[in-house]
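User: I'm new to this structure and would love a close look at a single part of it, the sheet and what lies against it. Could you walk me through that in one go?

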Amino acid sequence: MTNDPPTPQQRAAQIAVEIAALGPCLPGTLSSRMLRCGNPNCRCRDTETDQRHGPYLYWTRKISGKTVSKLLNAEQADRYRPWLANDKRLHQLVRELEALTIRTVEQAEGWGGEIALEKCGTRDRRFLSELFGFR
Ligand SMILES: [Zn+2]
């Protein structure tokens, strides 16, 4: 083993291995909210003591640009938490693979930073496979 940083091809292969091992990837975020109910006489209405109900756990994501939240119980939140973390990691890895590919393309073509990010997006699968030898 040497301490040399991996070549772009080696790093791309590492990324592919990590993505393959991720498991379920749940998009969105988990958040906790304290809420006031509709009863005007409830203790939760007292703003000085702040006895709001909760915490309530929500899974929130975007669907066609609209924010959608689902109320979760504690068991569901515990079950989905690692899947949400997996999805964050998946997006990090995809961005890294794109950045790596952009650098490789720039060097190969002598373009020096002129290529736009969208030119190397997920549409260009065939180019990626020729460059790195995977699907
Ligand atoms: Zn209340």
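Analyst: Happy to! A good place to start is one pair of facing residues: Arg 33 stands opposite Tyr 56 in β2. Please keep in mind throughout that this is a predicted model.

That pair belongs to the place where β1 and β2 meet. The two strands run antiparallel, and 6 bridges join them. Gly 54 also lies in strand β2, and its C-alpha atom is separated by 6.6 Å from that of Arg 33, although these two are 21 residues apart along the chain. Leaving aside its neighbours within four places in sequence, Gly 54 is in contact with Arg 33, Met 34 and Leu 35. Is Gly 54 buried or exposed? Gly 54 counts as exposed, because it has 11 C-beta neighbours inside 10 Å and a residue with 12 or fewer falls in that class.

Now let's step back to the whole sheet. It is an open sheet of 3 strands in the order β1-β2-β3, with antiparallel pairing. Its edge strands are β1 (29-35) and β3 (66-72), each of which pairs on one side only. From one strand to the next, the twist averages 40°.

On the other side of β2 (residues 53-63) comes β3, and these two pair in the antiparallel sense over 7 bridges. Here, too, you can pick out a facing pair: Trp 59 stands opposite Lys 70 in β3.

Next, look at what lies across the strands. Helix α2 (residues 74-109) lies across β1, β2 and β3, and runs at about 145° to β1. How far apart are the end C-alpha atoms of α2? They are 52 Å apart, which agrees with the 52 Å that its 36 residues should span at 1.5 Å a residue. The helix also has a kink of about 35° at Tyr 80, shortly before the proline Pro 82. Further along α2, Leu 97, Leu 100 and Thr 101 are buried. Just after α2, Gly 110 takes a positive phi of about 65°.

One residue helps to tie the sheet and the helix together in your mind. Thr 29 is found in strand β1, and it touches Thr 60 and Leu 84, not counting residues up to four places away in sequence. Thr 29 and Leu 84 are 55 residues apart along the chain, yet their C-alpha atoms are separated by 6.7 Å. Thr 29 has 13 other C-beta atoms within 10 Å, so it is partly exposed. As for its strand as a whole, β1 is hardly covered: among its 7 residues, the count of buried ones is 0.

Finally, a word on how confident the predictor is. The mean pLDDT of the protein is 86, and 81% of its residues reach 70 or more. Confidence is highest in β3, at 97, and lowest in helix α3 (residues 125-132), at a mean of 56. Over residues 114-118 the pLDDT is below 50, and beyond near neighbours in sequence this stretch has 6 contacts in the model.

If you want a path to retrace on screen, begin at Arg 33 opposite Tyr 56, move on to Trp 59 opposite Lys 70, and then follow α2 where it lies across β1, β2 and β3.

Note on methods
Residues are numbered from 1 along each chain as its sequence is written. This is a predicted model: local features need pLDDT of at least 70, side-chain atom pairs count only at pLDDT 80 or more; totals for chains, interfaces and linings use all residues. Two strands pair if DSSP finds at least two bridges between them. Helices (H or I, at least four residues) and strands (E, at least two) are DSSP runs, numbered from the N terminus. Axes are lines fitted to C-alpha atoms, for helices over the stretch in contact, and angles run from 0 to 180 degrees between N-to-C directions. Two residues are in contact if their C-beta atoms, placed from the backbone, lie within 7 Å. The expected span of a helix is 1.5 Å times one less than its number of residues. The bend at a residue is the angle between axes fitted to the seven residues ending there and the seven starting there. A residue is buried if 20 or more other C-beta atoms lie within 10 Å of its own, exposed if 12 or fewer, and partly exposed in between; C-beta atoms are placed from the backbone. pLDDT is the predictor's confidence in each residue, from 0 to 100.
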